[in-house]
Amino acid sequence: MQAKIKMKMQNNKRILLCLAHMSGKEQEYIKEAFDTNWVVPLGPNVDGFEKDLDAFVGQNKKVVALSSGTAAVHLSLIVSGVGPGDEVIVQNFTFCASSHPVTYLGATPVFVDSEADTWNMDPDLLEAAIKDRIAKTGKKPKAIMPVTLYGMPYQVDRIMEIANRYGIPVIEDSAEGLGSRYNGQMLGTFGKYGILSFNGNKMITTSGGGALITSSEDEWREVMMYATQYRESYPYYQHEKIGYNYRMSNICAGIGRGQMTVVDDHIKHHKYVQWLYEELLDNVKGITVHSQPNTGEYESNYWLCTITIDPELRIKGQENAYKNIVNGAVGGAGGVIHRASSAVTDCQPNDNVEALRIYLDKAGIEARPTWKPMHKQPVYKYAPAYVNGISESIFKMGMCLPSGPCVSDDDMKYIVETIKSAIC
Ligand SMILES: *Cc1c(COP(=O)(O)O)cnc(C)c1O
């Protein structure tokens, strides 16, 4: 394998987790928007970007470009009829944007834990959860949301078989899985709806943005109405349903059109990064690179390379892990930071993982823990959860390594050498 992206200068000397990379075409599309005054949330770039996405995901799907992936999750739930008092089954091991929109609607997320092979929703546990919810509440969950975590396809065949058997629609959160495939078919096209995200750190970016993949003309029309304040056709504003202002800007879509000219190169580069980490970390005892099952169905886009660290592995400085309250890290925004009340919580990565994060950070390398499972989030204390210990144990041992289009061979060699030198 060889690197596919021709590197541009980084905007930052640090090696970041997943930094956006502009191909050059983005500026042309944006300039066109400026030159023609299409500086609104509709226009030729939005149409063009959607056409590109339709062609890219295939399966005769129709894609709606939106202001964020979170907005796409929200709209997918609305058009699935989710409302107050309903339950939605959500993968437990995920970023909060999968489940938060369930709560926006007054519904309750029901969390289902992962299996160890893909780190995604465990089919057996899913079926147990469905049965138990029906027994306890007398009604079926309104939707099932598996996630393509770090780009890794979930067990599509089994999850879809169970969902179909119980007649529950599947909303695929493939925000991290643009270009991932299962049996050759794109993730996000198996369910009734699919989520994509184009946030700054995703496989491609529109600076901020997302999309909803729909399965029929009717669904597409309804999503489009909800995304634009649900305006009826009168000479004045007539509203018969509550809508949202969720459409993508024509400027952002210009970036997206440019990114679509290099999306295949990005995916190739992420796979190459994964491959090189696997090679370089192969003989490092105590560190395991998480790879797709080699049964033939799975094709991850490897959005982020993830590793697990053996609890027995000693890392320099681990005796001092969690001794001090961290200022910021992934918390806060725009300089607004809540001071944490304690340096520790009741569920956190092992001391050696935190020590390695700090060691890499001091060497100018950004590494992050894996997502903290939702059933351990204080805000979801009330939510029903069907757990088997898998996501919690991965969270305690897991770490994401820099994997973006700007990560070079030299960067990866430096990162792996730094990891080796951190081991006692
Ligand atoms: C990024 C992400 C989202 C949300 O996308 P935004 O564009 O950031 O709103 C949803 N789910 C998962 C799993 C994600 O990683």
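## A small sheet, starting from β12 and β14

Strand β12 (residues 305-309) and β14 run antiparallel, with 4 bridges joining them. This is a predicted model, so keep that in mind as you scroll through it. Two of the facing residues are easy to pick out: T306 sits opposite C400 in β14, and T308 has G398 as its bridge partner in that strand.

Zoom out a little and the pair belongs to an open sheet of 3 strands, ordered β10-β12-β14, with antiparallel pairing. β10 (287-289) and β14 are the edge strands, each pairing on one side only. From one strand to the next, the twist averages 30°. Helix α11 (residues 390-397) packs on this sheet and touches β12 and β14, its direction making about 60° with that of β14.

## What hides β14

Is β14 covered on one face or on both faces? On both: in this strand (residues 398-401), G398 and C400 are buried on one side, and M399 and L401 are buried on the other.

## Helix α9 and its cover

Helix α9 covers residues 263-280, which is 18 residues. From first C-alpha to last it reaches 26 Å, close to the 26 Å expected at 1.5 Å a residue.

Plenty of side-chain types turn up on its buried list: V263, H266, I267, H269, H270, Y272, V273, Q274, L276 and Y277. Which elements cover those buried residues? The cover includes the sheet strands β10, β12 and β14, along with helices α2 (44-57), α8 (250-260) and α12 (409-422).

## Two domains and the contact between them

The chain splits into domain 1 (2-20 + 263-422) and domain 2 (25-260). Their C-alpha centres lie 25 Å apart, and the contact takes 42 residues from domain 1 and 50 residues from domain 2.

Interface size is often quoted as the accessible area lost when the parts come together. Here, domain 1 and domain 2 bury about 4,000 Å² between them, with 63% of it on carbon and sulfur atoms. Which residues of domain 1 lose the most area to domain 2? They are W303, W371 and Y386, and together they make up 21% of what that side buries.

## Two loop residues to compare

S174 is placed in the loop between β5 (171-173) and β6 (181-182). Is S174 buried or exposed? Its relative accessible area is 0%, so S174 counts as buried. Leaving aside neighbours within four places in sequence, S174 is in contact with T148, L187, G188, G194, I195 and L196.

R231 also belongs to a loop, the one between α7 (217-227) and α8. With a relative accessible area of 43%, R231 is partly exposed, because that value falls between the 20% and 50% cut-offs. Setting aside neighbours within four places in sequence, R231 is in contact with M225, Y237, Q238 and H239. For a quick distance check, try R231 and K241: they are 10 residues apart along the chain, and their C-alpha atoms are separated by 8.4 Å.

Note on methods: Residues are numbered from 1 along each chain as its sequence is written. This is a predicted model: local features need pLDDT of at least 70, side-chain atom pairs count only at pLDDT 80 or more; totals for chains, interfaces and linings use all residues. Side-chain values use heavy atoms; hydrogens and water are left out. Buried means under 20% relative accessible area, exposed over 50%, partly exposed in between (1.4 Å probe, protein chains only). Two strands pair if DSSP finds at least two bridges between them. Axes are lines fitted to C-alpha atoms, for helices over the stretch in contact, and angles run from 0 to 180 degrees between N-to-C directions. Contact means heavy atoms within 4.5 Å. The expected span of a helix is 1.5 Å times one less than its number of residues. Domain bounds come from an automatic or database domain assignment. Buried area is the accessible area (1.4 Å probe) that two parts lose on being put together, summed over both.
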